[in-house]
Amino acid sequence: METKCLALVVLVVVAAAAIWEVEMAAAELTAAQCKQERDLAITACKPVVYGKLPSPECCQRVRVTHLECVCPVITSRIAALIDVNRAVRLIQGCGRSVPRHYKCGSITTP
C-alpha cells in the first residue's frame, strides 16, 4: 500500500508538471500509451518522493509527459498527499513555467 501511495505522489508531481507548456499531440494517445507515459514518469521521479531533487531523467519526463494522460487520474485523495507549492517549485526547477490557478484533476495551482 505504501509503495502505491508513493507512486501516486510521484504521479501527482508529474501531472502538475505536465500541465504547463504541453503541446497537444496531433492524434489521440491510446490508453496503453498513456499508461506507459505514467509508468515511465513514476520510475524516473520516484526519488523526489524521498526528498531528493529531480534527476535529469525526471525533468525530461516532466517536460514530455502529456497532460491528457495524467490529469484524469488525479483525485482529491491523491492531491491531498502532496504539497502543491513544493510541486510547483520542483517543476520550475526543471525549467517549466507554471500558470496560476490551472486545475488538473483535483489540483489547482496557487
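Colleague: Which pattern of helices and strands does the protein chain of this predicted model follow along the sequence?
Modeller: The model is a predicted one. Its protein chain holds six helices and two strands. Read along the sequence, these elements follow the pattern α-α-α-α-α-α-β-β.

Colleague: What share of the contacts between residues at least 6 apart in sequence join residues at least 24 apart?
Modeller: The protein chain has 110 residues, of which 42% are buried. Among contacts between residues at least 6 apart in sequence, the share that joins residues at least 24 apart is 79%.

Colleague: What percentage of the exposed area of the protein chain is supplied by carbon and sulfur atoms?
Modeller: The protein chain exposes about 6,300 Å². Of this area, carbon and sulfur atoms supply 56%.

Colleague: Which helix gives the largest share of the largest nonpolar core?
Modeller: The largest nonpolar core has eleven residues, among them Cys34, Leu67, Cys69, Val70, Ile74 and Ile107. Its largest share amounts to three residues, and these come from residues 67–70, that is, helix α4.

Colleague: How many residues form the second, separate core?
Modeller: Besides the largest core, of eleven residues, there is a second one, separate from it. This second core includes Ala44, Cys45, Cys58 and Cys59, and its residues number eight.

Colleague: How many disulfides does a search of the whole structure find?
Modeller: One disulfide joins cysteine 34 to cysteine 69, and another joins cysteine 45 to cysteine 58. Cysteine 59 and cysteine 94 also form a disulfide. The search of the whole structure finds three.

Colleague: How many residues apart in sequence are the parts tied together by cysteine 34 and cysteine 69?
Modeller: The sulfur atoms of cysteine 34 and cysteine 69 are 2.1 Å apart, and the link is left-handed, with -60° about the S-S bond. Because cysteine 34 lies in helix α2 (residues 31–49) and cysteine 69 in helix α4, the pair ties together parts whose separation in sequence is 35 residues.

Colleague: Is cysteine 69 buried or exposed?
Modeller: Not counting residues up to four places away in sequence, cysteine 69 touches Leu29, Cys34, Glu37 and Arg38. Its disulfide partner, cysteine 34, has a relative accessible area of 10% and is buried. With a relative accessible area of 1%, under the 20% cut-off, cysteine 69 is likewise buried.

Colleague: Is the disulfide of cysteine 45 and cysteine 58 left-handed or right-handed?
Modeller: Cysteine 45 and cysteine 58 are both buried, and their sulfur atoms are 2.0 Å apart. Cysteine 45 lies in helix α2 and cysteine 58 in helix α3, so the pair ties together parts 13 residues apart in sequence. Because the torsion about the S-S bond is about 105°, this disulfide is right-handed.

Colleague: Where does cysteine 94, the partner of cysteine 59, lie?
Modeller: The disulfide of cysteine 59 and cysteine 94 has a torsion of about -70° about the S-S bond, so it is left-handed. Cysteine 59 is buried at a relative accessible area of 9%, and cysteine 94 is buried at 6%. The pair ties together parts 35 residues apart in sequence, because cysteine 59 lies in helix α3 and cysteine 94 in the loop between α6 and β1.

Colleague: Why do the buried residues of α3 line one face of the helix?
Modeller: In helix α3 (residues 56–64), the buried residues are Cys58, Cys59, Arg61 and Val62. The face turned away from the buried side carries the exposed residues Pro56 and Glu57. Seen down the axis of α3, the buried residues line one face because they fall within an arc of 160°.

Colleague: Which residue meets lysine 35 in a salt bridge?
Modeller: The count of salt bridges comes to one. Lysine 35 is partly exposed, with a relative accessible area of 45%. Its partner lies four residues apart from it in helix α2, about one turn of the helix. At 2.7 Å, N to O, the side chain that meets lysine 35 is that of aspartate 39.

Colleague: What is the C-alpha to C-alpha distance between valine 98 and valine 88?
Modeller: Valine 98 lies in the loop between α6 (84–93) and β1 (103–104), and at 19% relative accessibility it counts as buried. Valine 98 and valine 88 are ten residues apart in sequence, and their C-alpha to C-alpha distance is 6.9 Å.

Methods. Residues are numbered from 1 along each chain as its sequence is written. This is a predicted model: local features need pLDDT of at least 70, side-chain atom pairs count only at pLDDT 80 or more; totals for chains, interfaces and linings use all residues. Side-chain values use heavy atoms; hydrogens and water are left out. A nonpolar core is a set of buried Ala, Val, Leu, Ile, Met, Phe, Trp, Tyr and Cys residues joined through side-chain atoms within 4.5 Å. Buried means under 20% relative accessible area, exposed over 50%, partly exposed in between (1.4 Å probe, protein chains only). Contact means heavy atoms within 4.5 Å. Accessible areas come from the Shrake-Rupley method with a 1.4 Å probe; for residues, only the protein chains shown count as cover. The arc is that of the directions from the helix axis to the C-beta atoms. A disulfide is a pair of cysteine sulfur atoms within 2.5 Å. A salt bridge is a side-chain nitrogen of Lys or Arg within 4 Å of a carboxyl oxygen of Asp or Glu.
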